[in-house]
Amino acid sequence: MMNQVAILDILPDHVDGVRDFMIFGHFLEHFHRQVYGGVYDPGSRLSDENGFRRDVIEALRKIKTPVIRWPGGCFVSAYPWKKGVGNRLPYYDKAWRVEEPNTFGTDEFVGFCREVGAEPFICTNAGTGSPEDMSDWVEYCNLEIGEWAARRSANGHDKPFGVRYWSIGNENYGGWEMGAKTADEWARLVLESAKMMKRVDHTIELAIASIPDLDWNAKALREAGDLLDWISIHGYWSRASNEGVFEKGYDNLIARAFEPEKRIVTVKHILGSLGYLDKLRIAFDEWNLRGWCHPNFMSFGAADHALMDANDINSNYNMADAVFTACFLNSCLRHCDVVGMANFSPVVNTVGAIFTHAEGIVLRPAYHVFDLFANHTYEEILHSALASPSFEVESDDGTSTSVRHLDAIATRDSATGRVGITLVNLHGADAIACRIRGLDASKFIQATMRTVNGAAVDAYNDVDQPDAVSISERRLTVDDPGDFTIKCPAHSVTVLNLNAG
Ligand code: AHR
């Protein structure tokens with residue numbers, strides 16, 4: 001059905017802001033098959049001499065992965081990083097209650113990032129760890145002198161790693177986290193840790209674990225705000241059941257597509273109210289439509305571990321994931337003044353965009369959205385006004401949510417004048433036409449439309465059907481670039497490029 005029309009008015013002389021490419025980042029945790037059997041698999045014929053999966057590296061290079069956050073997540077809140085360099089022994093991981101092989105540590109993580117071409121972003125242990133542990137980690141990575149630099153050198157890395165991005169803690173506000181803190185304890189720890197880390201290397205950029213909550217942030221920012229650069233928030237908007245069943249129902253999932261934006265706006269207001277709006281930026285450093293499947297988190301046993309395998313069932317990830325991912329990235333672009341980094345969680349396996357198996361990888365629907373956005377949108381965010389019809393989604397509890405049928409952002413490459421317009425059709429059944437007005441009609445000679453889609457809302461990729469959801473590409477003739485109409489199929493993500501002549 002095609003009777004819906006949206007209008008996108010672009011004001012090309014007004015640039016709302018410049019996006020930071022770091023919003024296309026990813027996250028890697030020692031959980032289930034993310035590290036071992038995921039990015040790191042020394043026994044595999046698909047791995048390089050360092051044990052890194054070559055096919056994963058190639059896929060991450062293709063989407064220009066700018067930054068990877070590691071090692072957790074909940075895992076980091078008891079991670080003894082010093083035992084993960086030099087001589088290694090396996091140890092018991094208290095977060096996920098498994099034996100940690102401990103063969104992938106700081107050296108391996110930085111090496112993996114270098115292969116991908118991504119910046120390493122190290123999240124420190126603010127659960128059981130101390131400010132001294134955190135600052136020793138900075139010494140190990142970034143200094144030329146002192147005991148920890150000497151140890152790095154002895155481990156075969158003479159030159160400092162130069163890790164620029166660091167975070168104090170992971171979700172330390174939450175009772176589930178080992179070494180959780182009160183707001184007062186947190187403020188004190190942040191101040192002392194930031195002080196010591198920046199004394200070791202004042203050029204690092206520092207984030208702190210946060211939530212969109214004024215009370216949690218007020219104390220920490222008033223104590224230590226001047227030493228910080230980022231405020232880190234997380235979000236997952238769908239949970240697997242305790243039986244390991246992932247939520248289905250496209251409409252209900254998609255009704256949450258703009259929930260992340262509400263979090264961004266709340267944090268922006270908090271930063272404003274505390275006087276840090278132009279100083280700190282948001283690192284949305286764990287996000288995904290789907291929460292990871294780890295039922296009974298506080299008490300899980302062997303049966304619950306087995307349920308974690310549900311994360312790796314590829315049919316769980318479909319067009320809802322692609323559309324949600326595109327809306328999330330559009331929200332980051334819309335708020336590029338305050339969102340400077342985001343990390344899709346996680347980078348491989350679990351609910352990530354890439355699935356690894358013994359013979360290769362599967363690119364899940366969200367991967368193709370990263371491909372479109374990273375390769376075909378540009379850094380300038382042009383001012384635009386979108387008029388879109390909306391549709392109602394009824395929830396099981398009887399409430400109703402009004403959902404925008406189309407979401408769109410116009411971007412431009414300042415060097416070439418090329419334009420990239422993202423067009424996300426959230427509707428599960430109806431196509432929509434988008435009338436685009438305002439571009440300089442004399443400038444553009446060629447248009448290309450690239451669309452991520454599958455045959456139905458529940459289309460997914462798997463080993464035996466790797467391209468059920470893929471990118472199709474079409475050249476268009478646009479007679480009047482100042483006023484033209486594009487058709488967006490149901491449940492699709494498009495980037496329309498217009499090349500300047
Ligand atoms: O479900 C994954 C966990 O979610 C991560 O370890 C943690 O950071 C978040 O709560």
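1. A salt bridge is a side-chain nitrogen of Lys or Arg within 4 Å of a carboxyl oxygen of Asp or Glu. In this predicted model, Arg-334 and Asp-407 make such a pair, with their closest N and O atoms 3.1 Å apart. That distance of 3.1 Å falls within the 4 Å limit, so the pair counts as a salt bridge.

2. The protein chain has two parts. Domain 1 is made of residues 5–14 + 380–500, and domain 2 covers 20–376. Measuring over C-alpha atoms, the domain centres lie 29 Å from each other.

3. How many residues of each domain are in contact with the other? Domain 1 contributes 40 residues and domain 2 contributes 33.

4. The size of an interface is often given as the accessible area lost when the parts come together. Here about 2,800 Å² is buried between domain 1 and domain 2, and carbon and sulfur atoms give 70% of that area. On the domain 1 side, the residues losing the most area to domain 2 are Leu-426, Asn-461 and Val-493, which together account for 16% of what that side buries.

5. Between the two domains the count of salt bridges is one. Polar contacts across the interface number 10 residue pairs, with both residues at pLDDT 80 or more.

6. Which strands supply the side of domain 1 that touches domain 2? At least two residues each come from β15, β16, β17, β18, β20, β21 and β23. β23 (492–500) gives the most, with five residues.

7. By residue type, the side of domain 1 that touches domain 2 has 18 nonpolar, 16 polar and six charged residues.

Methods: Residues are numbered from 1 along each chain as its sequence is written. Side-chain values use heavy atoms; hydrogens and water are left out. Domain bounds come from an automatic or database domain assignment. Contact means heavy atoms within 4.5 Å. Buried area is the accessible area (1.4 Å probe) that two parts lose on being put together, summed over both. A polar contact is a pair of N or O atoms within 3.5 Å; within protein, one must be able to donate a hydrogen and the other to accept it, and residues adjacent in sequence count only if both atoms are side-chain atoms. Helices (H or I, at least four residues) and strands (E, at least two) are DSSP runs, numbered from the N terminus. Ala, Val, Leu, Ile, Met, Phe, Trp, Tyr, Cys and Pro count as nonpolar, Asp, Glu, Lys and Arg as charged, and the others, Gly among them, as polar.
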